[in-house]
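Me: I'd like a close look at one part of this protein. Please show me how its helices pack, and then tell me about any empty space inside.

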Amino acid sequence: MTLPIRKAVFPVAGLGTRFLPATKAMPKEMLTVVDRPVIQHVVDEAREAGVEHLIFVTGRNKGVIEDHFDRQFELEETLSDRGKRGELDALSRDQPGPGATSFTRQQSPLGLGHAVWCARELVGKEPFALLLPDMLHHGRVPCLKGMIDAYRKQPGNYVAVYEVPQSQAHQYGIVGIEAGSGRVAKITKMIEKPPAGTAPSNLAISGRYILSAEIFDLLAKQSRGAGGEIQLTDAMIKLSETQPFYAYTFDGRIYDCGSKVGFLVANVAYALARDDIAPAFRHELAALLTD
């Protein structure tokens with residue numbers, strides 16, 4: 001019997017140094033794309049895929065993330081007194097249910113693999129989703145939903161991938177896949193930031209994963225890799241020796257909100273996808289571009 005994907009892990013302990021001074025007192029995950037924090041967009045993706053339990057791996061000065069996913073009675077009472085029914089309904093839709101969120105601390109900055117390992121007690125012995133908040137996936141079918149649909153048909157470990165220029169492949173985690181495969185393909189090789197000219201393909205890992213709980217035992221023994229950090233890719237390579245891994249090619253656009261340009265482009269793309277603001281925003285963009 002295939003176990004369902006009920007839990008999702010969100011590593012949100014990073015310092016966000018590329019966005020200083022904006023992130024001096026505010027987590028980078030709370031920077032807004034249009035009118036929703038980046039982390040809210042990623043949580044929306046997980047909830048649309050049917051995830052029931054949201055697990056956040058946090059660090060110091062990240063308490064505002066926990067507050068964001070909690071109720072604010074004073075705000076709700078003020079909105080109610082002022083008859084702001086639309087705003088109240090929006091808050092209610094975004095609010096996870098009681099017991100649906102958990103928070104744990106990554107007390108040392110030892111990399112993504114270590115952050116995932118910190119969630120081991122909350123995940124338990126079942127397969128789980130892992131979503132990197134920096135990477136926004138914007139498409140007709142939410143990325144994680146497509147991955148879980150594929151997982152139900154063909155159980156295993158999954159990573160979402162997208163095409164990058166071959167000349168830039170050395171900057172990413174890259175996978176090689178079986179020849180002639182479609183949207184879902186068996187992975188034959190994984191490598192983190194291969195030396196220039198040696199990548200097995202131009203398919204980069206895009207920050208969405210479905211992993212079995214056995215990854216935690218491997219991460220516990222994982223030695224430090226590139227950058228002196230515990231690399232998730234190294235543990236996945238070890239796990240692939242005993243379990244199948246599949247690549248899911250996402251059909252949509254991916255915006256790296258860990259970079260300033262990616263963050264700005266995400267704001268433009270998400271604004272243009274909004275019926276309520278797209279016409280006026282498109283007009284203002286056109287005026288800017290013709291000045």
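Reply: Here is a walk through two helix pairs and then a cavity. Keep in mind that this is a predicted model.

Start with helix α10, residues 260-272, and helix α11, residues 278-290. Their axes lie 8 Å apart, and the packing angle is about 135°. Angles over 145 degrees count as roughly antiparallel. The angle here makes α10 oblique to α11. Which residues of α10 and α11 meet? From α10 come Val268, Ala271 and Leu272. From α11 come Ala278, Phe281, Arg282 and Leu285. By class, this contact has six nonpolar residues, one charged residue and no polar ones.

Now take the second pair. Helix α3 covers residues 73-81, and helix α4 covers residues 85-94. Their axes come within 8 Å and cross at roughly 150°. α3 and α4 are therefore roughly antiparallel to each other. On the α3 side, Leu75, Glu76, Leu79 and Ser80 make the contact. On the α4 side, Glu87, Leu88 and Leu91 do. This contact has four nonpolar, one polar and two charged residues.

Last, the empty space. A probe the size of a water molecule, rolled over the atoms, shows where such space is left. The structure holds one cavity of 30 Å³ or more. The largest cavity has about 50 Å³ of space. Its lining includes Lys28, Glu29, Leu31 and Val38. Pro133, Asp134, Cys257 and Phe263 also line the largest cavity. By class, the lining has five nonpolar and three charged residues, with no polar ones. Phe263 links back to the first pair: this lining residue falls within α10, residues 260-272.

Key: Residues are numbered from 1 along each chain as its sequence is written. This is a predicted model: local features need pLDDT of at least 70, side-chain atom pairs count only at pLDDT 80 or more; totals for chains, interfaces and linings use all residues. Side-chain values use heavy atoms; hydrogens and water are left out. Axes are lines fitted to C-alpha atoms, for helices over the stretch in contact, and angles run from 0 to 180 degrees between N-to-C directions. Helices (H or I, at least four residues) and strands (E, at least two) are DSSP runs, numbered from the N terminus. Angles under 35 degrees count as roughly parallel, over 145 as roughly antiparallel, 65 to 115 as roughly perpendicular and the rest as oblique. Contact means heavy atoms within 4.5 Å. Ala, Val, Leu, Ile, Met, Phe, Trp, Tyr, Cys and Pro count as nonpolar, Asp, Glu, Lys and Arg as charged, and the others, Gly among them, as polar. On a 1 Å grid over the protein atoms alone, a cavity is a set of points where a 1.4 Å probe fits but cannot get out, and a pocket is an open set with protein on both sides within 12 Å along at least five of seven lines; lining residues have an atom within 4 Å of a point. Grid points are joined across faces, edges and corners, and a volume is the space filled by probe spheres set on the points.
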